[in-house]
Amino acid sequence: METVDAPWPSSRRDVWRSYFESSAMLTQRLEQSLRAETGLSLADYNVLLLLTEAPEHRLRMGELARKLVFSPSRLTYLIGSLARRGLVVRQDAVDDGRGKEASLTDAGAQAFRRAAVLHARDVDELFLDALSEQDLAVLARVFARLGRHLS
């Protein structure tokens with residue numbers, strides 16, 4: 001079998017693989033736990049989080065898709081699923097009536113409050129508790145820089 005040269009030095013490749021593999025494992029563990037204990041996916045949780053934080057607990061669909069980094073069709077599907085469960089409603093935008101927005105229901109707010117406690121526990125146990133304060137400061141700087149680069 002022919003060997004293939006790596007496109008970058010092993011030190012850079014090792015950093016990328018370490019990040020990629022550990023973030024995939026972390027996401028999978030958070031997803032499993034959240035689904036098992038609340039029936040919500042991480043995507044469901046993130047929609048409820050954004051609506052909880054939004055003024056009047058509603059956001060235009062385009063803004064919600066942008067914040068979640070979702071395609072419009074993926075968001076439409078997700079909002080439909082949440083609406084069928086009574087956690088959100090999709091309605092005409094209040095300010096102009098042309099667009100659509102998602103609004104958090106009382107049941108959605110209750111579901112989010114229950115899930116937030118469990119999710120915070122998991123994030124602490126699986127991520128934050130494994131890192132020193134120095135590690136966290138470095139990660140904060142790295143991901144802030146990466147976020148600016150990708151914006």
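Me: What radius of gyration does the protein have, against the value for a compact globule of 151 residues?
Reply: The model is predicted. A compact globule of 151 residues would come out near 15 Å. The C-alpha trace of the protein spans about 55 × 35 × 35 Å along its principal axes. The radius of gyration of the protein is 19 Å.

Me: What pattern of helices and strands does the protein follow along the sequence?
Reply: The secondary structure comes to 6 helices and 3 strands. Read along the sequence, these elements follow the pattern α-α-β-α-α-β-β-α-α.

Me: In what order do the 3 strands stand in the open sheet?
Reply: Strands of a sheet pair through backbone hydrogen bonds, either parallel or antiparallel. In this sheet the pairing is antiparallel. The edge strands, each pairing on one side only, are E1 (58-60) and E2 (88-92). The order is E1-E3-E2.

Me: By what angle are neighbouring strands of this sheet turned against each other on average?
Reply: The sheet has 3 strands with antiparallel pairing. With direction ignored, the average turn between neighbouring strands is 25°.

Me: Which residue in E3 stands opposite arginine 60?
Reply: E1 and E3 pair in the antiparallel sense over 3 bridges. Arginine 60 has as its opposite in E3 glutamate 101.

Me: At about what angle does H3 run to E1?
Reply: Helix H3 covers residues 61-68. H3 lies across E1, E2 and E3. Its angle to E1 is about 90°.

Me: How far apart should the ends of helix H5 be, at 1.5 Å a residue?
Reply: H5 has 21 residues, 106-126. The expected span is 1.5 Å times one less than the number of residues. The end C-alpha atoms of H5 are 30 Å apart, which agrees with the expected span of 30 Å.

Me: What covers the buried residues of H5?
Reply: The buried residues of H5 include Gly108, Ala109, Phe112 and His119. Buried means under 20% relative accessible area. Among the elements that cover the buried residues of H5 are helix H1 (10-38), helix H2 (42-53) and strand E3 (100-104).

Me: Is aspartate 122 buried or exposed?
Reply: Aspartate 122 lies in H5. The cut-off for a buried residue is under 20% relative accessible area. Aspartate 122 has 6%, so it counts as buried.

Me: Which residues are joined into one network with Asp122 by salt bridges that share partners?
Reply: The side chains of arginine 121 and aspartate 122 meet in a salt bridge, 2.8 Å from N to O. Arginine 121 is partly exposed, with a relative accessible area of 30%. Through shared partners, salt bridges join Asp122 into one network with Glu37 and Arg121.

Me: Which residue forms a salt bridge with lysine 67?
Reply: Side chains of opposite charge can pair when their charged atoms come close. Here the closest N and O atoms are 3.9 Å apart, and a salt bridge requires a distance within 4 Å. Both residues lie in helix H3, 4 residues apart, about one turn of the helix. The partner of lysine 67 is glutamate 63.

Me: What is the N to O distance in the salt bridge of lysine 100 and aspartate 92?
Reply: Lysine 100 is partly exposed, with a relative accessible area of 35%. Aspartate 92 is also partly exposed, at 43%. The distance between their side chains, N to O, is 2.6 Å.

Me: Where does glutamate 56 lie?
Reply: Glutamate 56 has a positive phi of about 60° although it is not a glycine. At 60% relative accessibility, glutamate 56 counts as exposed. Its place is in the loop between H2 and E1.

Me: What is the phi of valine 69?
Reply: Valine 69 lies in the loop between H3 and helix H4 (72-84). Its relative accessible area is 72%, so valine 69 counts as exposed. Phi is positive here, in a residue other than glycine, with a value near 55°.

Me: What distance separates the C-alpha atoms of aspartate 96 and alanine 137?
Reply: Aspartate 96 lies in the loop between E2 and E3. Aspartate 96 and alanine 137 are 41 residues apart along the chain. Their C-alpha atoms are separated by 43 Å.

Key
Residues numbered from 1 in each chain as written. Predicted model: local features only at pLDDT ≥ 70, side-chain atom pairs only at ≥ 80, totals over all residues. Heavy atoms only, no water. Helix = DSSP H or I, 4+ residues; strand = E, 2+ residues; numbered from the N terminus. Buried < 20%, exposed > 50% of the residue type's maximum accessible area, 1.4 Å probe, protein only. Contact = heavy atoms within 4.5 Å. Pairing = 2+ DSSP bridges. Axes fitted to C-alpha atoms, helices over the stretch in contact; angles between N-to-C directions. Rg over C-alpha atoms; globule rule 2.2 N^0.38 Å.
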